[in-house]
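Reader: Hey, got a minute to walk through a model with me? I'd like to poke at a few spots before I set anything up.
Author: Sure, put it on the screen and ask away.

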Amino acid sequence: HEYMHTTPTGSEEEAEEKEQKKEEQKRVAEEDIIMKSRLLSNAFKCLSPGQTRHMSSSLGNSIQSAIDIAKESEAEALKNVPKMTYYSAWFCPFAHRATLALERHRGFLSYEWVESLGWEKRSKTNEEIKTKHENWYHYKSPDLLKANPLGMVPTIKDEFNNVITESIVCIQYIDEIVNGGKEPILASSAAERAKERVMADFVAKTICSKYYSVLVRQEETEQLEAFGEIEKAIEKFATHLVDDDDVMIDGEKREKGRFFNGRQTPGLVDLTLFPWAWRLPVFETHRDERFKIDPAKSVGLRKYMRWLRDMVSRDDVSRTLPNWEEYLQHITRYADGSARSKVANAVRDGRNAHEYDDEKDDVKE
């Protein structure tokens, strides 16, 4: 106790000062390593597909060295991957298909999103259209029309000005342009790819197409008939999904996965169907409980709902989802009969959504 009250000598002060400097240097060094690790983490994200670097040694270098590596890697990645201009619309499920493929292969390509569709109110142009208010028409951006005179999304333009259209075609193009990336969308064998294309076409012409019949057709009997066809098609889709017992044994995964045809990751059919599967619950708001997909009804619907949950749980899928409340507001235009898109016009005319005609159903004035 007596020592604590004595005045330190010069040598003691120097020793204490040295110790403080030593502790300060240690703290700065630790902070430096933490900062470098964060920078290097960003640098790793910038690496080109398949590119490898021995970057751990840079921890012993300066922060500037780590920054230089990150910048170099990012520039190299942007230089080597395919670049695209993506004409899209946040609300469009057709475009959503292409968005799913683009986000699946994020890092293996780069794209610029150009929002290209909107809505505008116009006075009635045809007295045969029986609505109680003004009609909503699609606005199409000049850039979209320049790239694709039909004005449909998704439309993709590559760096060589090649234009790719049609949503299912876009999925396949994106997967092929990156050679499947890390998780290929298309099946590995030609036979499986052929089967998946057939099934993708089936779900597009049933579940996806009849979605608009439930909304646009205003007679309840027609709505219920269309919904019944959706359920029937979902049941067929579900026959290609594995049962719970086929996936887990003693808490371990078997070879088959949760997605179409037992795949471990979503394929062409999964990406074709998902944008509409996610949107089907709008029926509960704009119609009623009779239009709800109820997993208690059958094993097939239960498997389908599990598949839907598994899809949404993926990061590359969840980040593509539009705001639900905004989408509900958007789809009101279809549910009340006021939308005047090509798809809505075809369904109002008594045809299926996939049977729209680019000329007949395009109301320009």
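Reader: Let's start with N161. Which loop does N161 lie in?
Author: N161 is in the loop that runs between β5 and β6 (163-165). Keep in mind that this is a predicted model.

Reader: What's phi like at N161?
Author: Positive, near 70°, and N161 isn't a glycine.

Reader: Is N161 buried or exposed?
Author: Exposed: the relative accessibility of N161 is 56%, and the cut-off for exposed is over 50%.

Reader: OK, and N179? Where does N179 lie, and what is its phi?
Author: N179 belongs to the loop between α5 and α6. Its phi is positive as well, about 55°, and again the residue is not a glycine. N179 counts as exposed, with a relative accessible area of 72%.

Reader: While we're on backbone stuff, which peptide bond is cis?
Author: The one from V153 to P154 is cis, with omega near 5°. P154 sits in the loop between α4 (142-147) and β5.

Reader: Let me zoom out for a sec. How many helices and strands are there in the protein chain?
Author: The chain has 13 helices and nine strands. It comes to 365 residues, and 45% of them count as buried.

Reader: And what share of the contacts join residues at least 24 apart?
Author: 68%, taken among contacts between residues at least 6 apart in sequence.

Reader: Now the sheet. What does β1 pair with?
Author: β1 (residues 83-88) pairs with two strands I can point to. With β2 (residues 110-115) it runs parallel, over six bridges. With β5 (residues 155-158) it runs antiparallel, joined by four bridges.

Reader: Got specific partners I can click on?
Author: On the β2 side, T85 is opposite E112, and S88 has E115 as its bridge partner. On the β5 side, Y86 faces I156.

Reader: How many of the residues of β1 are buried?
Author: Five of its six, so the strand is mostly covered.

Reader: Which helix makes a β-α-β unit with β1 and β2, and what hand is the unit?
Author: That's α3 (residues 93-104), and the unit is right-handed.

Reader: Switching to pockets. What's the volume of the largest pocket?
Author: About 930 Å³. It is lined by 47 residues, and the closest to its centre are F94, M152, V153, V343 and Y356.

Reader: Wait, V153 again, from the cis bond?
Author: Yep, V153 comes just before P154 in that cis peptide bond, and V153 is also among the residues closest to the pocket centre.

Reader: Which element gives the most to the lining of the largest pocket?
Author: α6, with six residues. Other elements that supply at least two residues each include α3, β3 (117-122), β4 (135-140), α5 (167-177), α12 (324-335) and α13 (342-348).

Reader: How does the lining divide into nonpolar, polar and charged?
Author: 25 nonpolar, 10 polar and 12 charged residues.

Reader: Handy for setting up probes. New topic: how many residues of α8 are buried?
Author: 12 of the 12, so α8 is largely enclosed by the rest of the structure. Among them are D270, W276, W278 and R279.

Reader: Charged ones in there, huh. What about R263, is it buried or exposed?
Author: Buried: R263 has a relative accessible area of 15%, and the cut-off for buried is under 20%. R263 lies in the loop between β8 (252-253) and α8 (268-279).

Reader: Which residues is R263 in contact with, leaving aside its neighbours within four places in sequence?
Author: P184, I185, L186, A187, E196, G257, R258 and L268. L268 is one of the buried residues of α8.

Reader: Last one. Where is K292 found?
Author: K292 is in the loop between α9 (282-286) and α10 (299-312). It's partly exposed, at 34% relative accessible area.

Reader: And its contacts?
Author: Beyond neighbours within four places in sequence, K292 is in contact with F227, E231 and E284. Also, the C-alpha atoms of K292 and L280 are 8.1 Å apart, with their positions 12 residues apart along the chain.

Reader: Great, that'll keep me busy.

Note on methods: Residues numbered from 1 in each chain as written. Predicted model: local features only at pLDDT ≥ 70, side-chain atom pairs only at ≥ 80, totals over all residues. Heavy atoms only, no water. Buried < 20%, exposed > 50% of the residue type's maximum accessible area, 1.4 Å probe, protein only. Contact = heavy atoms within 4.5 Å. Pairing = 2+ DSSP bridges. Right-handed = clockwise from strand over helix to strand, strands pointing away. 1 Å grid on protein atoms, 1.4 Å probe; cavity = no way out; pocket = protein on both sides within 12 Å on 5 of 7 lines; lining within 4 Å. Points joined across faces, edges and corners; volume = space filled by probe spheres on them. Nonpolar A, V, L, I, M, F, W, Y, C, P; charged D, E, K, R; others polar.
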